[in-house]
Amino acid sequence: MISVKIPATTANVGPGFDCLGIALDIYNNFFVEEIEDGLVIEGCDDEYCNEDNLIYKSMKKCFQRIGYKHKGIRIKIENDIPISRGLGSSASCVLGGVIAANKIAGNKLSKDEILKISSEIEGHPDNVAPALLGGMVTSIKEGDDIYCSKINIPKGLKFCALIPDFKLSTEKSRAVLPSEIPYKDGVFNVGRVSLMVSALINGQFDLIKLACKDSLHQKYRGSLIKDYDNIIKKCKDLDSIGVFLSGAGPTIMVMLKENDINFYNKIQKYTSTLDNKWSIKELNIDNKGIDV
Ligand code: HSE
């Protein structure tokens with residue numbers, strides 16, 4: 001039996017659209033084995049217990065790439081990462097499937113190849129790279145290959161995820177983005193994403209607020225999330241270090257000083273006045289990444 005533990009991820013981190021991501025300490029656990037025949041999936045809703053299951057589809061893709069003829073497969077799922085909330089749940093399924101299949105097929109693929117296949121399935125590398133490596137990771141696609149660099153964030157930071165009671169698919173959230181952007185929006189983001197990376201490396205947390213700004217996706221996606229602008233404003237008013245849309249949303253991610261003891265109760269009180277139910281989770285960076 002292969003056991004795979006995969007962290008949640010928050011992608012984009014504001015301006016780093018499709019290239020920045022941070023691993024966080026909520027986990028999905030998958031237990032996978034090759035059996036004589038058939039497909040058995042346990043531990044998730046009936047709608048996911050079939051051949052369309054993303055873990056299974058990712059396994060099949062990996063088997064094909066290696067040229068391994070598999071027999072039956074049993075998958076047991078223990079899910080803690082909320083589904084379709086912008087916290088890397090689908091990346092965890094993809095990566096978990098690829099890693100498990102590679103192990104069953106005799107560990108034929110390198111870490112780089114695992115990242116490449118997983119990013120191909122996911123469509124972008126910014127969730128799978130930190131889920132695989134842990135910490136904060138910058139990742140880019142060049143030709144068919146993925147290149148990434150792990151950033152060591154100094155201590156002193158924690159995160160708070162504001163997770164609403166509704167889902168938002170990445171597909172729907174990408175559909176509202178423009179196909180072209182003005183030159184000035186590109187320049188705006190280049191500056192902010194560079195500032196985000198250097199401020200985090202140097203522990204200059206007072207610069208993060210500015211570095212969270214972006215012109216490529218957050219303003220378009222905010223319209224899909226009820227009370228988005230008001231929540232962002234409230235988080236800024238409550239002395240957060242920074243606030244941004246987590247991945248494609250709808251979760252809103254807040255960066256806080258490690259010793260902040262007021263934010264949690266205050267934001268809970270505020271979100272309880274809103275129409276949707278928002279659950280509030282304090283999170284820390286996972287520096288280890290996937291554990292097999
Ligand atoms: N970078 C991706 C996006 C993350 O923003 O659409 C979502 O999976």
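This section describes the nonpolar cores and an open sheet of the structure, which is a predicted model.

The largest nonpolar core comprises 34 residues, of which Val32, Met59, Ile73, Ile75 and Leu95 touch the most other members. Two or more residues are given to this core by each of the elements β1 (2-11), β2 (20-35), α1 (54-66), β4 (72-79), α2 (89-104), α3 (111-122) and α4 (128-133). The largest share, eight residues, is contributed by α2. The surroundings of Ile75 were examined further. When residues up to four places away in sequence are not counted, Ile75 is in contact with Phe31, Val32, Val40, Ile41, Glu42, Ile55, Tyr56 and Met59. Among these partners, Val32 and Met59 also belong to the group of core residues that touch the most other members. A second core, separate from the one above, contains 28 residues, including Ile151, Ile153, Ile208 and Ile241.

Four strands form an open sheet in the order β8-β9-β7-β10, and their pairing is antiparallel. The edge positions are occupied by β8 (242-245) and β10 (278-283); each has a single partner strand, and therefore one side of each is left without a neighbour in the sheet. From one strand to the next, the twist averages 20 degrees.

The pairing of β10 was considered in greater detail. Strand β7 (residues 157-164) is joined to β10 by six bridges, and the two strands run antiparallel. Within this arrangement, Ala161 stands opposite Lys281 of β10. In general, the strands of a sheet pair through backbone hydrogen bonds, in either a parallel or an antiparallel manner.

Notes:
Residues numbered from 1 in each chain as written. Predicted model: local features only at pLDDT ≥ 70, side-chain atom pairs only at ≥ 80, totals over all residues. Heavy atoms only, no water. Core = buried A, V, L, I, M, F, W, Y, C linked by side-chain atoms within 4.5 Å. Buried < 20%, exposed > 50% of the residue type's maximum accessible area, 1.4 Å probe, protein only. Contact = heavy atoms within 4.5 Å. Pairing = 2+ DSSP bridges. Axes fitted to C-alpha atoms, helices over the stretch in contact; angles between N-to-C directions.
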